[in-house]
Each structure stands twice: as C-alpha cells, then as structure tokens.
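Okay, thanks everyone for coming. Have a look at the screen while I bring this one up, and then I'll talk you through it.

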Amino acid sequence: MLEDIATEAGLSLGECLSRIHQEACCKEGRVSNFASLLRVACTTYLNRGERLSLRGASFAAENASVSSR
C-alpha cells in the first residue's frame, strides 16, 4: 500500500517515506512513533483522504468496500 501511495505521488518508496517523516517533523517537531504515522497515512489513503466517521452502524456499511481492497 505504501508503494501505491508513493507511485501516485510520483515518488520512490524511500522518497515518500522521507517526505512523510519530514512533513510530520516540520508540523510536530518530532516523530515519536513512525509506524503509527504510517498506519494513519495508509488509513487516510484507503479512505480517499477523508476523515473516518465512527457514527452508528452506517460506518461499517459505508466502509465495507475499503476493507475489501
């Protein structure tokens, strides 16, 4: 999945990971858990850049297609 994100951005995987890390450092000052940051990046990618909505049972139905990827 990270390779897909990198490809869509026109970057190599290494460049993409470096950019994610650099942007987080610029915004937050440091990255204490890079693996967690990558999970968030993948979740955001799967959700097409939209924030997740955890309201009610509709969440599971709306996001069922995401888990099938």
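I'll go from the whole chain to two of the helices, and then to a helix crossing.

First things first: this is a predicted model. In the protein chain you've got five helices and zero strands, so to speak the reading from the N terminus is just α-α-α-α-α. The chain has 69 residues, and buried ones make up 17% of them. As for contacts, take those between residues at least 6 apart in sequence: 27% of them join residues at least 24 apart.

Okay, helix α2, residues 13-28. Quick sanity check on the geometry: with 16 residues at 1.5 Å a residue, α2 should span 22 Å, and its end C-alpha atoms are indeed 22 Å apart, which agrees. Now, which residues of α2 are buried? They're C16, I20 and A24. Those cover an arc of only 65° around the axis, which puts them on the same side of α2. Remember the general picture here: an α-helix has 3.6 residues a turn, so residues three or four places apart point the same way. And what do the buried residues of α2 pack against? That would be α1 and α3. Over on the face turned away from the buried side, α2 carries Q22 and C26, which are exposed. Just after α2 comes G29, with a positive phi of about 95°.

Next up, α3, residues 34-46. Same kind of check: 13 residues at 1.5 Å each should span 18 Å, and the end C-alpha atoms of α3 are 18 Å apart, which agrees. The buried residues in α3 are L38, C42 and L46. Looking down the axis of α3, you see them fall within an arc of 75°, so they line one face of the helix. After α3 you hit R48, and its phi is positive too, near 55°.

Last bit, the crossing. Two packed helices are described by the angle between their axes and the distance between the axes. How do α1 and α3 cross? The axes of α1, residues 2-9, and α3 come within 10 Å and cross at roughly 65°. That makes α1 and α3 roughly perpendicular to each other, because the range for that label is 65 to 115 degrees. The crossing of α1 past α3 is left-handed. On the α1 side, the contact is made by L2, D4, I5 and E8, and on the α3 side by L38, A41, C42 and Y45. Notice L38 and C42 in there: both are buried in α3, and both take part in the contact with α1.

That's it from me.

Conventions. Residues are numbered from 1 along each chain as its sequence is written. This is a predicted model: local features need pLDDT of at least 70, side-chain atom pairs count only at pLDDT 80 or more; totals for chains, interfaces and linings use all residues. Side-chain values use heavy atoms; hydrogens and water are left out. Helices (H or I, at least four residues) and strands (E, at least two) are DSSP runs, numbered from the N terminus. The expected span of a helix is 1.5 Å times one less than its number of residues. Buried means under 20% relative accessible area, exposed over 50%, partly exposed in between (1.4 Å probe, protein chains only). The arc is that of the directions from the helix axis to the C-beta atoms. Axes are lines fitted to C-alpha atoms, for helices over the stretch in contact, and angles run from 0 to 180 degrees between N-to-C directions. Angles under 35 degrees count as roughly parallel, over 145 as roughly antiparallel, 65 to 115 as roughly perpendicular and the rest as oblique. A crossing is left-handed if the near helix is turned anticlockwise from the far one by less than a right angle, and right-handed if clockwise. Contact means heavy atoms within 4.5 Å.
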